[in-house]
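Okay, thanks everyone for coming. I'll take a few minutes to walk you through the structure I've been looking at, so let's put it on the screen.

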Amino acid sequence: MSKKIILTILAFFLVACVLTSIAVVIGAAALIKKQATATPYSFTPQPTLTVDEQMDEIQEQVLAYRGLELKNDLVRDLMTSAELKEQVNTEFFADYTAEDAQSDAEILSALGLLDADFDLLTFYQDLYAEQVAGYYDNITKEMYVVTDGGFGGMERMTYAHEFTHVLQDQTYDMENGLNYNDETCEADSEYCAALTALIEGDAVLSEYYWFFKYGTDKDKQQLTEFQQSYTSPVYDSAPAYMKVDFIFPYDQGYNFVNYLYAEGKWRAVDAAYANPPVSTEQILHPERYPDDTPVKVNVPDLVNTLGNGWEETERNVMGEWYTYLILAYGRDASFQIDDETAKTAAEGWGGDTYVYYDNPANSQFTFVWLLQWDTAADADEFYQASLTYGTSRWGESASTDYGSWQSTADGFVTIRQSGDKVLWLMAPSKADQTSILNTLPGMN
């Protein structure tokens, strides 16, 4: 049985600017913001409640506005940062081996996002130990808030977030009803990325709603103090793409869910679970949900074309989000294209498939990425941006008709457009490149 650990991360509290983001949802936000940022704070005396009593109170408050039902008992507790670190090392990444991490690093290196020798497993462990503020395990049904210093504004807000995940699971069944599990995510990463954005975006909106409706003066002061004193050395040292990808479900997910909420309040958010988003394109452009669905792009099995010793190690969909990340957040600033150009180039994505082949005997790889665009004009925008990217990464192209780079650190590289399709190909030799192109109609 596979599990998904549903997290609240600390970095998002800073990036999202909690005190202003919810203003479009709750009319009193302007007044609350003024109260939250004014100094000195004036506190309304409150009865002293135990942590359990505070948890019960927050649950009742979330139940009141979220409109979902707590159907089963909940296992809940606080966890220290030391206990979290142990949990990260023994549970969160229990099924993610050093070999898995190395394989992922090699693929991310081919995409230009990461150095091939980057210790991805250790970095993930350090990052999650630093960043997790709370989590819900949808298999064990356990929920934890991480704290080393009591149950203050940060912890209370985190509790509202994680308790929303409990309600989501008990209402929609993440594992079986939504297919939010490791097997599905490995087979269809785009669906999983979109679903994660819905789940986290809902919880972010819920915690904001709770904060502005029920948060006390003391909660606001403590959250402001946290924002002013918080440091995140591991997150700050993360590769460029990882920083923005890490907060995608919370940031872009919140924007998506907030769009739904503006259309039909919580009923519209609930309706999305009956017809979940299926692509990061729908998350990035919520007006295109649910009608604009990806097309299936076929890339044939190339093992026989490549010959003995080759293995297919990854086949999946990149999606609009990662298409944008590749262009804008490369591992080296020298081949990062500007943000607006990258966004424009990635928009109009219609579907894609990428395949990564590995030859362990000689440490060679082959990477094939075929993209279908909504229109030929969209394809041309991405193609032109790709040529700019390619020139910055591999040098001047050897062809005036398409992107062509020979004997680079990534092998023989070509980027080609044919109507509404664009191909990125990295092959270890000219002969392999030619053989692969001959299997892809219209791209040779």
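Let's begin with a term: a salt bridge here is a side-chain nitrogen of Lys or Arg within 4 Å of a carboxyl oxygen of Asp or Glu. The idea behind it is that side chains of opposite charge can pair when their charged atoms come close. And keep in mind that what you see is a predicted model.

So, how many salt bridges does the structure hold? The count is 14. Take E312 and R315: their side chains meet in one of these, at 3.0 Å from N to O. Is E312 buried, exposed or partly exposed? With a relative accessibility of 34%, E312 is partly exposed, and R315, at 30%, counts as partly exposed too.

Next, have a look at R331 and D115. Their side chains form a salt bridge as well, 3.6 Å from N to O. Where do they sit in the chain? R331 is in the loop between helix 17 (319-328) and helix 18 (339-346), while D115 is in the loop between helix 6 (98-110) and helix 7 (120-131), so this pair ties together parts that are 216 residues apart in sequence. R331 has a relative accessible area of 34%, which puts it in the partly exposed group. D115 is also partly exposed, at 44%.

Then there's E287, which forms a salt bridge with R288, with the closest N and O atoms 3.9 Å apart. E287 is partly exposed, with 48% relative accessible area. These two belong to a network of salt bridges that links E281, E287, R288 and E347.

Okay, now over to the sheet. It's an open one with four strands in the order 1-3-4-2, and the pairing is mixed. Which strands stand at the edges? Strand 1 (5-9) and strand 2 (75-79) do, and each has a single partner strand, so one side of each is left without a neighbour in the sheet. On average, neighbouring strands are turned by 15° against each other, ignoring direction.

If you zoom in on strand 1, you'll find it pairing with strand 3 (residues 132-137) in the antiparallel sense, over five bridges. One residue to click on is L7, whose bridge partner in strand 3 is Y135.

And what packs on this sheet? That's helix 5 (residues 81-92), which touches strand 1, strand 2, strand 3 and strand 4 (142-146). The direction of helix 5 makes about 50° with that of strand 3.

That's my tour, thanks for listening!

Note on methods. Residues are numbered from 1 along each chain as its sequence is written. This is a predicted model: local features need pLDDT of at least 70, side-chain atom pairs count only at pLDDT 80 or more; totals for chains, interfaces and linings use all residues. Side-chain values use heavy atoms; hydrogens and water are left out. Two strands pair if DSSP finds at least two bridges between them. Helices (H or I, at least four residues) and strands (E, at least two) are DSSP runs, numbered from the N terminus. Axes are lines fitted to C-alpha atoms, for helices over the stretch in contact, and angles run from 0 to 180 degrees between N-to-C directions. Contact means heavy atoms within 4.5 Å. Buried means under 20% relative accessible area, exposed over 50%, partly exposed in between (1.4 Å probe, protein chains only).
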